[in-house]
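Me: Please take a close look at the ligand site in this structure. I would like a connected account of what surrounds the ligand and what touches it, with some context from elsewhere in the chain.

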Amino acid sequence: MTTLVLAPYCKNQSIEPVSKLINAALKLGDDVHVLTIGAADQSLAQATSKLAGVAQVHILAAPPSDVLEFDDIACALRPLMGEYQALIAANTGAGKHITLLLAAQLSIAPLTGISAIFDRQTFERPIYAGSLFEQISSQDDKLIATIRTANFKPVGDQAACPVSELPLPPSNRQVEILEHIETNEERPDLSQATIVIAGGRGVGSKEGFRKLEGFADQLGAALGASRIAVDMGWAPHHLQVGQTGVQIAPDLYIALGISGAVQHIAGIKDAGKIIAINKDVEAPIFKVADYGIIGDLHTLLPQLQKALADEQS
Ligand SMILES: Cc1cc2nc3c(=O)[nH]c(=O)nc-3n(C[C@H](O)[C@H](O)[C@H](O)COP(=O)(O)OP(=O)(O)OC[C@H]3O[C@@H](n4cnc5c(N)ncnc54)[C@H](O)[C@@H]3O)c2cc1C
């Protein structure tokens with residue numbers, strides 16, 4: 001029996017998320033193959049072939065000009081699932097979207113947000129914004145699951161295993177893409193960043209949120225946002241941190257003008273150190289913060305940036 005790991009993909013993808021997914025997949029006790037997306041840049045596939053426990057890497061070949069949509073990838077995975085006992089993907093927006101499409105096509109109940117794997121049938125995941133953990137068992141013949149990569153360690157190295165290209169089958173796209181909007185490629189990916197700077201309602205406006213960018217760039221950090229900042233249109237949805245956003249695991253998380261609602265905290269449970277800047281001493285974020293600064297962020301942020309610039313010069 002063999003498990004297929006769907007490698008997370010985005011521009012400038014690091015090897016760490018797929019390495020952690022492989023570790024999770026190995027806990028099922030079967031051989032592990034990995035599918036990477038896009039033949040144009042094969043560096044991820046080549047690096048993946050040298051991760052311990054991987055027996056085969058497939059590259060889903062797509063023309064360099066073509067942007068693969070979730071429908072295309074689910075469509076390509078469907079015939080492959082005849083050969084595989086399980087599909088493991090990251091619990092990201094893309095991972096959840098693709099696995100849910102595939103699970104619906106195969107009439108399998110997908111397991112999302114898995115944080116621990118005990119054996120082939122038994123899994124654990126947080127529920128109610130992380131207040132409880134539940135153990136679940138899959139009754140399906142095949143497993144389709146998304147994994148919280150922050151809960152698994154990367155695997156070690158091995159001699160490279162075979163890498164082969166798979167042709168892209170014809171798509172049955174159900175959506176028409178009207179526009180692709182490029183995001184800032186220079187900043188680290190939120191789900192993998194070691195430092196995250198996030199803004200909430202307290203930043204006050206879109207312009208206020210943009211002021212965080214300079215601070216993030218000074219620290220080489222990713223930007224994040226609370227749901228309110230997203231709902232207000234100050235930040236794009238893919239930056240939302242929390243229960244219904246991205247679950248992050250940076251070494252350092254700096255929250256500016258974020259109250260610390262339970263749904264937000266659900267996304268930062270795996271953060272190392274947390275620094276909160278808030279003018280309300282009673283803000284719940286201070287209960288989880290390692291360091292708290294009480295004050296107006298509009299005054300404190302320029303001071304912090306200046307101190308950092310002085311330190312760096
Ligand atoms: C089903 C569900 C899912 C949800 N999922 C998410 C999620 O994934 N992520 C998420 O973030 N939220 C989520 N929410 C929303 C969540 O409940 C909160 O409403 C939200 O997190 C609050 O955002 P905030 O902290 O930016 O705003 P607020 O709660 O309004 O807090 C703003 C904070 O800024 C401080 N402040 C104001 N001005 C300043 C200033 N000048 N200087 C310093 N501090 C200042 C205030 O004291 C306050 O503490 C969800 C809610 C539900 C019901």
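Reply: The model is predicted. Starting with the polar contacts, an oxygen atom of the ligand lies 3.4 Å from a polar backbone atom of G245. A second backbone contact involves V241, where a polar backbone atom is 2.8 Å from a nitrogen atom of the ligand. A side chain also takes part: a polar side-chain atom of S259 is 2.6 Å from an oxygen atom of the ligand. On its own the ligand has 990 Å² of accessible area, and the protein covers 76% of that.

The space that the ligand takes is the second largest pocket. Three elements each give two or more residues to the shell around the ligand: α6 (227–231), α7 (262–265) and α9 (297–312). In total, 25 residues surround the ligand. The closest are R201, S226, T244, S259 and N278. S259 thus appears both in this closest group and as the partner in the side-chain contact at 2.6 Å. Sorted by class, the shell holds 15 polar residues, 5 nonpolar residues and 5 charged residues.

Some residues outside this list of contacts give context. G224 belongs to strand β12, which spans residues 222–225. G224 has a relative accessible area of 0% and therefore counts as buried, the cut-off being under 20%. Along the chain, G224 and L166 are 58 residues apart, and their C-alpha atoms are separated by 35 Å.

H238 is located in the loop between α6 and β13 (252–256); α6 is also one of the elements that give residues to the ligand shell. The relative accessible area of H238 is 45%, so H238 is partly exposed, falling between the 20% and 50% limits. H238 and A90 are 148 residues apart along the chain, with 15 Å between their C-alpha atoms.

A last point concerns backbone geometry. S107 sits in the loop that runs between α4 (93–106) and β5 (111–114). The phi angle of S107 is near 55°, a positive value in a residue other than glycine. S107 counts as exposed because its relative accessibility is 64%, and the limit for that class is over 50%.

To return to the ligand, its listed polar contacts include backbone atoms of V241 and G245 and the side chain of S259.

Technical notes:
Residues numbered from 1 in each chain as written. Predicted model: local features only at pLDDT ≥ 70, side-chain atom pairs only at ≥ 80, totals over all residues. Heavy atoms only, no water. Near = heavy atom within 4 Å. Polar contact = N/O pair within 3.5 Å; in protein donor to acceptor, adjacent residues only side chain to side chain. Areas by Shrake-Rupley, 256 points an atom, 1.4 Å probe, with all protein chains shown as cover. 1 Å grid on protein atoms, 1.4 Å probe; cavity = no way out; pocket = protein on both sides within 12 Å on 5 of 7 lines; lining within 4 Å. Sits in = over half its atoms within 2 Å of the grid points. Helix = DSSP H or I, 4+ residues; strand = E, 2+ residues; numbered from the N terminus. Nonpolar A, V, L, I, M, F, W, Y, C, P; charged D, E, K, R; others polar. Buried < 20%, exposed > 50% of the residue type's maximum accessible area, 1.4 Å probe, protein only.
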